[in-house]
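Good morning, and thank you for joining this session. I would ask you to look at the sequence and the structure for a moment before we begin.

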Amino acid sequence: PIPNLTDENDWQNTEQGAYCNCKYDNRGDDVETYGRLYNWYAVDDKRGLAPRGWHIPTDDKIKELEIYLGMSHSEADDTDYRGTNEGSKLAGGDDLWIYGRLDGALVKTPEFGTSGFDFLPGGCRLRLGGDYFSMDFRGYFWSSTEDNNGKGWYRNLFCNSSEVYRFSRNKNYGFSVRCIRD
């Protein structure tokens, strides 16, 4: 079992796999809609976070998907915001991207949700203090790849951009995960 760490100090200090339920603005758990947030230690646990027959994709596998959706190879290898409309293609749930409906580029492209990936704006849990952040306007998901600095690679979709953000973060952040079939 993966522990559900609700205490902020426990969350920021653990070096073991942990999860928390998506929460925002003290409105309660949003697991039914957004799922759970996991630290990178849970992703890397050799016992496997994904169900049998599935796995968490590597950074290279996610790049392969981004390239399939139209991103160039050089952009896929880069960090920060990359591509053109691949973020819009990966996103889903247009009614959940609250700020995106107002003025965001993510929802307002014709390609929104066309990949079937349907990634939602579940936000994240911050490493320090364990606060919840960005629900309704950002979605983050881990890869299973560690970078050269001991951090985990992840992707971020933002309501005001149709691109995909790629970077690495401390392993105690809480992000969503996506599983792919073996």
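Which residues point one way from β8, and which point the other way? Before I answer, please note that what you see is a predicted model.

On one side of β8 we have G152, Y154, N156 and F158, while W153, R155 and L157 point the other way. In general, the side chains of a regular strand alternate between the two faces of the sheet. In β8, the residues pointing either way are all buried. Strand β8 covers residues 152–158, and because seven of its seven residues are buried, the strand is largely enclosed by the rest of the structure.

Let us turn to the partners of this strand. With strand β7, residues 138–146, β8 shares six bridges, and the two run antiparallel. One of the residues involved is E146, whose bridge partner in β8 is G152. The connection between β7 and β8 is a hairpin with five residues between the strands. In that turn, G150 has a positive phi of about 80 degrees.

Strand β9, residues 164–169, is joined to β8 by five bridges, and this pair also runs antiparallel. Here N156 of β8 has Y165 in β9 as its bridge partner. A hairpin leads from β8 to β9 through five residues.

I now come to the backbone angles. As a general rule, most residues other than glycine have a negative phi. Where does this model show positive values in residues other than glycine? One such residue is D118, with a phi near 50 degrees. Its place is the loop between α7, residues 98–103, and β5, residues 124–125. D118 counts as partly exposed because its relative accessible area is 40%.

Another is S134, which is not a glycine and yet has a positive phi of about 80 degrees. This serine is found in the loop between β6, residues 132–133, and β7. Is S134 buried or exposed? S134 is buried, because its relative accessibility is 1% and the limit for that class is under 20%.

Next, two pairs of residues that are separated along the chain. T109 lies in the loop between α7 and β5, and T109 is buried, with a relative accessible area of 17%. T109 and S162 are 53 residues apart along the chain, while their C-alpha atoms are separated by 7.6 Å. For D182 and D136, the separation in sequence is 46 residues, and the C-alpha to C-alpha distance is 31 Å. D182 is placed in the segment after β10, residues 180–181. With a relative accessibility of 67%, D182 counts as exposed.

Finally, I would draw your attention to the surface. Which residues form a negative surface patch? The patch is made of D7, E8, D10 and D131. Of these, E8 lies in helix α1, residues 8–13. E8 is partly exposed, because its relative accessibility is 41%.

To close, let me return to the strand with which we began. β8 is bridged to β7 and to β9, and seven of its seven residues are buried. Thank you for your attention.

Conventions
Residues are numbered from 1 along each chain as its sequence is written. This is a predicted model: local features need pLDDT of at least 70, side-chain atom pairs count only at pLDDT 80 or more; totals for chains, interfaces and linings use all residues. Side-chain values use heavy atoms; hydrogens and water are left out. Patches are made of residues with over 30% relative accessible area and no salt bridge: like charges are joined within 9 Å, nonpolar side chains (Val, Leu, Ile, Met, Phe, Trp, Tyr) within 5 Å. Accessible areas come from the Shrake-Rupley method with a 1.4 Å probe; for residues, only the protein chains shown count as cover. A salt bridge is a side-chain nitrogen of Lys or Arg within 4 Å of a carboxyl oxygen of Asp or Glu. Lys and Arg count as positive and Asp and Glu as negative; His and the chain ends are not counted. The place of a charge is taken as NZ of Lys, CZ of Arg, CG of Asp or CD of Glu. Helices (H or I, at least four residues) and strands (E, at least two) are DSSP runs, numbered from the N terminus. Buried means under 20% relative accessible area, exposed over 50%, partly exposed in between (1.4 Å probe, protein chains only). Two strands pair if DSSP finds at least two bridges between them.
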